[in-house]
Structures are given as C-alpha cells and as structure tokens.
Amino acid sequence: ALHQGPTAEVLNKDYDFVVVGAGAGGGVMASRLTEDPLTRVLLIEAGGSDFENLNISVPGRSSTLPMSAFDWNFTTMAQPGLNNRPVGYPRGFVLGGSTALNQMVFSRGTKDDYDRWANVTGDDGWSFKNLLPFIFAVDRMTAPVDHHNTTGQFNPAIHKNGVVPISVEGFPLEINSRVIDTTRELAEQFPFNLDYNSGNTIGFGWTQNTIHDGHRVTSASSYLAQAINRPNLDVVVNTRVTKVVSVGREQGKPVFRGVEIAQSADGPVHSLKAKKEVILSAGSLKTPHILMLSGIGDAAHLTALGIKPVVNLPAVGQNLQDHVFLGNSWVANSTNTLDDLHRNSTLAAEALALWKINGTGPLGLGAASQFGWLRVPNATGFFRSLGVEDPSAGETSAHFEQIPTNAFVSKTVPLPAEGHFFSIITAVVSPTARGNVTLNSTNPFDAPLINPNLLGSPVDVAIMREAVKAARAFVTAPTWSDYIVSEFGVFANATTDDELEVYIRKNSDTVDHPVGTVAMGQGTNAPLDSQLRVKGTVGLRVVDASAFPFIPSGHTQGPTYILAERAAHLVRSSL
Ligand SMILES: Cc1cc2nc3c(=O)[nH]c(=O)nc-3n(C[C@H](O)[C@H](O)[C@H](O)COP(=O)(O)OP(=O)(O)OC[C@H]3O[C@@H](n4cnc5c(N)ncnc54)[C@H](O)[C@@H]3O)c2cc1C
C-alpha cells in the first residue's frame, strides 16, 4: 500500500527488506522481491507520489522538470573544465526517481561495456552474455503511438516480453529521412545500425524510448505499478532515510540492518529495522551521501567533519563519471521545426489538446527520433598521441554520441526569439575524467558537494572536438544541401582546434548521467563486492547507478534497470 508518510502501521510492522529510493534501481528491487508473497518489503522515497503529473506524463514537457518540485535541485561545484561554471544537476524527487525526469532514451549499453564490468569485478555474471536474461527482462517493444510501419527501425528478434514498454518515436519529423539518407550518402563515417540495443551501438539508427502510447514510462508506472497492490509491499513517500545504522555485529562486522528516517531537518526521527537487508537505491549522489553520514566512507574525511568512522572505505563518493553534453545549432531552411512550440503558447496549447485525446502529436515525442554513436577514427593511435590508452570499453562502444534534433538546442544560450534551427547534440560517452561526491555538512538535509569534473581531462576535450568535427561532416551529406543554411552563433566562429576548445569549454554541460560513486569491484578502490554488498558490513547492499565501475557508453537508465534485475536475482537466490 502507499503511505504519504511514516504511519504508525509502517513503524510497527516487520519487514525483511527496506529499500531506500524509488528510482530505476529501487523500483525493480521492490517489485521483484515482492513477487515472493512471503517476502515483506518497505520502499522509502524522499519525494512525493505525483508520478502521473501532466509534466511527467507528457514526453514533450520534460524540459519543465529540472528545477521543479520533482527535482532535488542540486548544483555542482565550480567546474574547472567548464571555465569554473557550476551547472544544474537534476535528479528525480518523486516515485520513479530520475526515470520520471529523464529524456526517456532507452539504451541497454554494449557488449564491451558489460564485459568490462565482468573483468574488473572478476564476476562473469556481469558479462553481456550472462546478463542477457536480465537484459531481456527489462524492456518490451510496443507500437509507436502513430502506429506507423516500423519495419527497418529496430530488430524485433532482440526484444522480449519485459516490464518496461518502449517504442520508437510516433510523430514524423522533416529531418528523419535526411538522417537516414546520410547513412547511405556517407555510409563509411555514419553507417546505419538497425538496432543499437543489440550490444553494438556503433552507427546511426532510430531511438527507442521509455514512451508507451505517447506517455512517459517510469519505474513507478512499470515496475512499481505491478507491485503496489501486493499485501507484502508498503511504499512510504515524503520521507528521507537520513542514515543507515548498525544494529549489532556478525562475523566481526557491523550489521547495518537499521535506518533512521525523517520528514524534515527539525522533525521527529524514527528508526526502522530490516530482518534481512537494507538496500540503498538512492542514486549516485544520495547513496554515497547516506553512507558517509552513517560513518561508512573515507575515515579521514568523516573524522574531519566530526563523524565517527564505522567502516573505512575511502572510495565511497569517488569515481564519479558522467557524460558531457554540447548543443551545436544550424539555421535551417524550414518553417517546420519544433522551435515555435517553445515560443508560441497557442501552438503549445493546441499540441497539448491533441496529446490529451490519444497521446499523439509533437508532445508525444521524446528528445530525438534518431541518433548515432561513433568511435574516434584510428582510436589506438589517437589516444596514444594524447598519452592514454583508448578509454572506451572496446569496439562495440562509442567515444561520442550525436543526436540530431529539429530545433535549437543549447544549455548555455537561450532559444533565439525567431528563426528555425537544426541541431546536433554531441556528447562524450567514454570519458576519462573522474569526479566525486563529498560531505558539505553533517546535516542530512543539506546537499553534498558534487563535483562531476566535466571536461576535467584534455582527453575528454579532444573527444568532444572530434564529435563536433563529425557533426560538421554529417551535414555535408548531399541530402542537407537545401536544408542547412549556416552554422549559428559562436559555433560558426569556432574553426581551429584552439577555437573549438574555447567554444566547447564555454558551452558544454552534463547529460545527467552521474554513476560510479559506490562502485563494485576488487580491492580497496571498490566499496562494493560483485554482489553489490558494501564491503566490511553485513546486511547492506547498493542497487543503483552508483554501483557501476565504469559508465556505459550509452544512456544510464537501461543499465540501472539491468543491474537491478540481476541484483534482485542475487538477493532472491541468497534467501
Ligand atoms: C534530466 C535527466 C535526463 C536524463 N536522461 C536520460 C535518458 O534520456 N536516458 C537514460 O537512459 N537516462 C537518462 N537519465 C539518467 C537516468 O534517469 C538515471 O541514470 C537513472 O534513473 C538512475 O537510477 P537510480 O536508481 O540510480 O537513481 P534515481 O532514478 O535517481 O532514483 C533515486 C531515488 O532515490 C530517492 N532518494 C534519494 N535520497 C533518498 C533518501 N535519503 N531517502 C529516500 N529516498 C531517497 C530519490 O528521490 C529518487 O527517487 C537522465 C537523468 C536526468 C536527471
């Protein structure tokens, strides 16, 4: 049942598992663990339960969500790689977590991404081949809302009957055929890829989105919805876990089967226990925050803040990895772009009215209809010349991503008052920079210090430069000759490598994919073992994007769902 706060019923019940956070990881755990009617689960979510709010459900309104009541409203520290600019760092604060806030792109990650996880953890269960049952358990391909013929837009053979309905975009855009033409006209540089969810992302193809019948799909509307009425699941919202607490010792280790919860900094604090495990799924920023507040982290850092270290795990909060975002725009010879939808309230109201009838029209669209994933040419030599080994996981993993969009896109320059635009978002997806999350204070209601270290390495700037050059090459295909008018704004003046670096540092931002802050692996650099248990503790596991040892070269909600599917299997097998 759903509880709007910590009711007497919840405080007095016995639970086998307490799951902290109802995002991608927590939604899967609560749902899969309660499939066994004898397993009692409490899921605690800091945000509210309004996951069917119009701004969440309408894919085309996703830009209203960052810095809204559904967002934790974090800001990063000044980013040296971005000329010391801090950037907004949205994270979902509602049932569904960041799956309720994200841009809905669904990508699984590549064979090499997962095989690298298997390698660094020494656990073959994380290899792509062995994860396949869990990969297939996540998504289910459904018809796009306009029911167009999708032949040639994905490979039906590699999508099974998973929990999360996905679809290709259901509203045709003028640029779509030109993008596909480009894969023929410049096939060598921009090959067509029928289905980037095959384990090999390289090439251009049609995006698959967590959109069903024109509505956003979240972990709340998929995994949780199928479990919420089970008598063995309670979900408490508007309630934060402020720390995990040790309730005794086993095998010489502290047993973290307790949590403290509160609804405000000065409100009452309640304690709860799990009979079997506490599972942290609070996401890459809050999971390390909770651990450190609980005395689990770098002993010196904790002591400096007056927190008594219980388990010295110096890597908690370290290894933060993220993808870097840059919007590059051209003036388009068209009046049929999506720009006016963001300028003209009458058009927006008409589009909303259309969406409300049956989810169709431009507001049923996610971020992009097509995209591509590419490797830097001659990667080995390119990276050696920069003094590093190729940072990608292997040949199936890209160094950068390109997202063609038929509108103006920038996180630093506002939408111009007039004009029509074509953009290619370029993103560094195999970054070398590493950041961290540290404590700002001992108050659990204060945000931690967040440093994703975006473009914190010259290698990542070099990858972004290659991505921008490739974007320029993309529009030289003959199909664009009557469509592209000119490069827009400062982009047009960035031609030499030095000018490009200035342009990149001034305009880059985050793709909102922080991961890796409580990574699994071997040795002292990894706080989790390969079964996602916090080392040096009993009864405490982490199941969210914090656990990734390396960031996948695709978007991160798919890999979080996949990781959680295997985690649920590991937990159930251990009972
Ligand atoms: C703006 C944006 C766009 C994105 N675009 C995409 C995209 O297009 N495709 C893609 O694949 N990925 C995208 N992502 C990333 C993706 O959504 C995340 O990687 C994924 O949701 C991570 O899952 P998680 O379980 O680790 O954390 P989350 O989904 O963030 O869930 C964590 C949950 O824990 C709760 N919580 C935190 N602290 C506490 C506490 N102390 N007590 C109780 N509850 C707590 C939070 O409120 C939240 O509900 C985007 C993310 C954002 C923010």
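Val-278, leaving aside its neighbours within four places in sequence, is in contact with Val-18, Val-20, Val-244, Phe-256, Arg-257, Val-259, Gly-539 and Leu-540. In this predicted model, Val-278 is also one of the residues that touch the most other members of the largest nonpolar core, a set of 160 residues, together with Val-18, Val-20, Met-29 and Ala-547. The predictor gives the complex an ipTM of 1.00 and a pTM of 0.99, while the protein chain has a mean pLDDT of 98, with 100% of its residues reaching 70 or more.

**Nonpolar cores**

- Helix 12 makes the greatest contribution to the largest nonpolar core, giving 9 residues.
- Apart from the largest core lies another one, of 6 residues, which includes Val-58, Phe-171, Trp-355 and Leu-363.
- As general background, nonpolar side chains in soluble globular proteins tend to be buried together.

**Shell around the ligand**

- The ligand is surrounded by 41 residues, of which Gly-21, Gly-23, Gly-97, Asn-102 and His-555 come nearest.
- By residue class, the shell around the ligand divides into 15 nonpolar, 20 polar and 6 charged residues.
- At least two residues of the shell are supplied by each of helix 2 (24–33), strand 12, helix 8 (283–293) and helix 14 (557–573), and the largest share, 4 residues, comes from helix 8.

**Positions annotated as binding site**

- An unreviewed UniProt entry places the feature "binding site" at Val-94, Asn-102, Gln-103, Met-104, Val-105 and Val-241; these positions are spread over 148 residues of sequence and are also spread in space, with up to 29.4 Å between C-alpha atoms.
- Asn-102, which the UniProt record lists under this feature and which is among the residues that come nearest to the ligand, sits in the loop between strand 5 (88–89) and helix 4 (111–121).
- Asn-102 is classed as buried because 26 other C-beta atoms lie within 10 Å, and, not counting residues up to four places away in sequence, Asn-102 touches Asp-512 and Gln-557.
- Val-241, another position that the UniProt record lists under this feature, belongs to strand 12 (residues 240–245), an element that supplies at least two residues of the shell around the ligand.
- Val-241 is likewise buried, because 25 other C-beta atoms lie within 10 Å; leaving aside neighbours within four places in sequence, Val-241 is in contact with Val-20, Ile-44, Val-259, Ile-261 and Ile-290.

**Helix 4 and helix 13**

- Helix 4 is mostly covered, with 8 of its 11 residues buried, namely Lys-111, Asp-112, Asp-113, Tyr-114, Asp-115, Arg-116, Trp-117 and Thr-121.
- The buried residues of helix 4 pack against helix 5 (128–138), and helix 4 is followed by Gly-122, whose phi is positive, near 70°.
- In helix 13 (residues 497–507), the buried residues include Tyr-503, Ile-504, Arg-505 and Asn-507, and the elements covering the buried residues of this helix include strand 19 (324–332) and helix 12 (458–474).
- Helix 12 therefore appears in two settings, since helix 12 is among the elements covering the buried residues of helix 13 and also gives the most residues to the largest nonpolar core.**Residues paired across the sequence**

- Asn-176, found in helix 6 (residues 176–185), is 193 residues apart in sequence from Ser-369 and 7.3 Å apart in space, C-alpha to C-alpha.
- Asn-176 counts as partly exposed because 16 C-beta neighbours lie inside 10 Å, and, not counting residues up to four places away in sequence, Asn-176 touches Ser-369 and Gln-370.
- Val-310 lies in the loop between helix 9 (299–304) and strand 18 (311–312), and its C-alpha atom is separated by 9.4 Å from that of Gly-536, with these positions 226 residues apart along the chain.
- Val-310 counts as buried because 20 C-beta neighbours lie inside 10 Å; leaving aside neighbours within four places in sequence, Val-310 is in contact with Ser-246, Pro-254, Ser-294, Gly-295 and Ile-296.

Conventions:
Residues are numbered from 1 along each chain as its sequence is written. This is a predicted model: local features need pLDDT of at least 70, side-chain atom pairs count only at pLDDT 80 or more; totals for chains, interfaces and linings use all residues. UniProt positions are given in the numbering used here, feature names are shortened, and annotations may be inferred rather than shown by experiment. A residue is buried if 20 or more other C-beta atoms lie within 10 Å of its own, exposed if 12 or fewer, and partly exposed in between; C-beta atoms are placed from the backbone. Two residues are in contact if their C-beta atoms, placed from the backbone, lie within 7 Å. A nonpolar core is a set of buried Ala, Val, Leu, Ile, Met, Phe, Trp, Tyr and Cys residues joined through C-beta atoms within 7 Å. A residue is near a molecule or strand if its C-beta atom, placed from the backbone, lies within 6 Å of it. Ala, Val, Leu, Ile, Met, Phe, Trp, Tyr, Cys and Pro count as nonpolar, Asp, Glu, Lys and Arg as charged, and the others, Gly among them, as polar. pLDDT is the predictor's confidence in each residue, from 0 to 100.
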